Amino acid sequence: MAAAILTSSLDTSLLRYRRSKALWLMLLSAPIAARYMISQEEGQGISISIGGQLPVLTSAVLGVWLGIVVSTLVMPIAYIYLRANTTRRQPWQVEEVTAASRVSIALGRFLADSAILLAVLTMLSFAGLFLGWLMVTGPWDPFHIISLLWLVAAPTFLVVAAIRILFDAVPILRGAIGDLLFFIFWMASIITPSIMAEGSAGFATSMADMGGALTPLVQGAPEGSDSFSIGSSAIKPGRMELDVFKGIATEGYVASRFVWIVIAFAIAALAGLLYRPHRAKARKRRFAWLGKLSLAKLLPAAAPNDSPAPSTAAPLLGLLLTEMRLIASGPLFLLLAVAAALAGIAPDFRHIGSPAGLLLLIFALSAHAGRSEARGLVALTGTTATPPWLRRMVFVAAGTLLTVLLALPAVAVTMSAYPLALALATGAVASALAIGLAAMSGSPFVARLVLIIVWYGYFAS
């Protein structure tokens, strides 16, 4: 019985994936993206450097290089796809009243998600073979390219699929808190192995390297090498010899990759045990007193017997004020906005005040953008006198203006236009990304997670 439920859940999810246009676009774009995962020159793609130098690009290095990029930089993209794709909406009204095992359903969905991500990895493998034929130094070895790519990247993809199933099982993690928690997990998966690498190599160090990215670099590099870099960095002349097989043969590394696969299955099974049904219940007004301070109260509520509103002389101004009110409509927004504005008084506005205000607006912008770009609402607002493209432009203006308002205390204290110019630029970019990504996905998930990742790069730069 459990096997039949698992098979049914797997088949149903795969069928829904097959109907998704985004899946085929993702599979087709994977080989194109592979070209930019391998950078032989500065500024032409993603580079992996050791002491500022690129490694000699052998077949083994190419396989590990692709795997490292997937395990570090592509991991959040895979999570975004799983959270925002066609299977995001589940028929829980039917499933939750049946006697079917939630563990079997969760494992079936986990296997479907894993199959999709591994299909993307398969397309990257074909692209890696072609790139290796063109670019590698020394003999072209397809087995080394594919096996090392899968050894590094496949367990990471399985863990991402399992985390998605776990977050969908727990009500509090189905929304923004889950996205924020995954962002923290992603950053921890990059930072933790960097700290652990300072000690002796072993199984514990390899287990800390969940993405499997750092151990082959650190252990395979020549003695005395330091300053490992993944991403975009300055490249020095010359090439560094990277002994990939020495890094892979590090004690416990291969075993740790298989243990992470087992952990992924365990997380998916745990999701079935922890699953809690969807409930339609009244929202608790835990901060009702703060609601009186919300910007949503600035405009009076409509009464059923009110006469129709007359035409306004400045419709765009009214739309701008309304968009600002809706972006800032959260009960805690005003209190957090005051705190972010006061943080701008600190001497380093670029690294304190500006990131504080942007972090607040990321959640506010993505939430309102997701609401306004919901499929049904877009069809309705398309019949109004304000076209969708104009409303989106006003949204960007409203988000930018709110960012500027948060920067005004910094402008007043420093008597400088720098905070104002920075707020204009960052607010416009964040607002444009929020409404653009929400318009493409129809939900706030993609916009929120992408903006958080961009915010971290802005904050850490």
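Tutor: A residue is called buried when its relative accessible area is under 20%, exposed when that area is over 50%, and partly exposed in between. Keep that cut-off in mind as we go through this structure, which is a predicted model.

Student: How does the cut-off apply to Ser9, and where does Ser9 lie?

Tutor: Ser9 is found in helix 1, which covers residues 2-18, and because its relative accessibility is 11%, it counts as buried. The side chain of Ser9 reaches the backbone oxygen of Ile105 at 2.9 Å. If we leave aside neighbours within four places in sequence, Ser9 is in contact with Ser104, Ile105, Gly108 and Arg109.

Student: What does the chain as a whole look like, in helices, strands and buried residues?

Tutor: The chain holds 19 helices and four strands, and of its 461 residues, 46% are buried. Among the contacts with a separation of 6 or more, 80% are made by residues 24 or more positions apart. The chain exposes about 22500 Å², and carbon and sulfur atoms supply 71% of that area.

Student: How should I check a helix, and what span should helix 5 have?

Tutor: The general idea is to set an expected length against the distance between the two ends. Helix 5 runs over residues 102-135, so at 1.5 Å a residue its 34 residues should span 50 Å, and its end C-alpha atoms are 48 Å apart, which agrees. At the start of helix 5, a side-chain oxygen of Ser101 comes to within 3.3 Å of the backbone nitrogen of Val103.

Student: How do I read a nonpolar core, and which residues have the most contacts inside the largest one?

Tutor: In soluble globular proteins, nonpolar side chains tend to be buried together. Here the largest nonpolar core has 116 residues, and those with the most contacts inside it are Trp65, Phe110, Phe182 and Val244. Helix 6, residues 142-169, gives this core its largest share, 18 residues.

Student: Which residues does Phe110 contact, beyond its neighbours in sequence?

Tutor: Not counting neighbours within four places in sequence, Phe110 is in contact with Leu158, Ala161, Ala162, Ile165, Ala264, Phe265 and Ala268. One of these partners, Ala264, has its place in helix 11, residues 253-274, and counts as buried because its relative accessibility is 0%. Ala264 in turn touches Phe110, Leu158, Val159 and Ala162, with residues up to four places away in sequence not counted. Ala264 and Val159 are 105 residues apart in sequence, yet their C-alpha atoms are 4.8 Å apart in space.

Student: How do I read the salt bridges, and how many are there?

Tutor: Side chains of opposite charge can pair when their charged atoms come close. A search of the whole structure finds seven salt bridges. In one of them, Asp168 pairs with Arg83, with the closest N and O atoms 3.2 Å apart. This pair links distant parts of the chain, since Asp168 is in helix 6 and Arg83 is in helix 3, residues 59-84, with their positions 85 residues apart in sequence.

Student: Are Asp168 and Arg83 buried or exposed, or partly exposed?

Tutor: Asp168 counts as partly exposed because its relative accessibility is 24%, whereas Arg83, at 4% relative accessibility, counts as buried. Arg83 also forms a salt bridge with Asp179, with the closest N and O atoms 3.1 Å apart. Arg83 lies in helix 3 and Asp179 in helix 7, residues 176-196, so this pair ties together parts that are 96 residues apart in sequence. Both Arg83 and Asp179 are buried.

Student: Which salt bridge does Asp113 make, and which network is it linked in?

Tutor: The side chains of Asp113 and Arg164 meet in a salt bridge at 2.6 Å, N to O. Because Asp113 lies in helix 5 and Arg164 in helix 6, the pair ties together parts that are 51 residues apart in sequence. Asp113 is buried, and so is Arg164. A network of salt bridges links Arg83, Asp113, Arg164, Asp168, Asp179 and Arg448.

Student: Where does Thr400 lie, and what does its side chain reach?

Tutor: Thr400 lies in helix 17, residues 388-414, and its side chain reaches the backbone nitrogen of Ala428 at 3.3 Å. Thr400 counts as buried because its relative accessibility is 11%. Leaving aside neighbours within four places in sequence, Thr400 is in contact with Leu424, Gly427, Ala428 and Ser431.

Note on methods:
Residues numbered from 1 in each chain as written. Predicted model: local features only at pLDDT ≥ 70, side-chain atom pairs only at ≥ 80, totals over all residues. Heavy atoms only, no water. Expected span 1.5 Å × (residues − 1). Polar contact = N/O pair within 3.5 Å; in protein donor to acceptor, adjacent residues only side chain to side chain. Core = buried A, V, L, I, M, F, W, Y, C linked by side-chain atoms within 4.5 Å. Buried < 20%, exposed > 50% of the residue type's maximum accessible area, 1.4 Å probe, protein only. Contact = heavy atoms within 4.5 Å. Areas by Shrake-Rupley, 256 points an atom, 1.4 Å probe, with all protein chains shown as cover. Salt bridge = Lys/Arg side-chain N within 4 Å of Asp/Glu carboxyl O.
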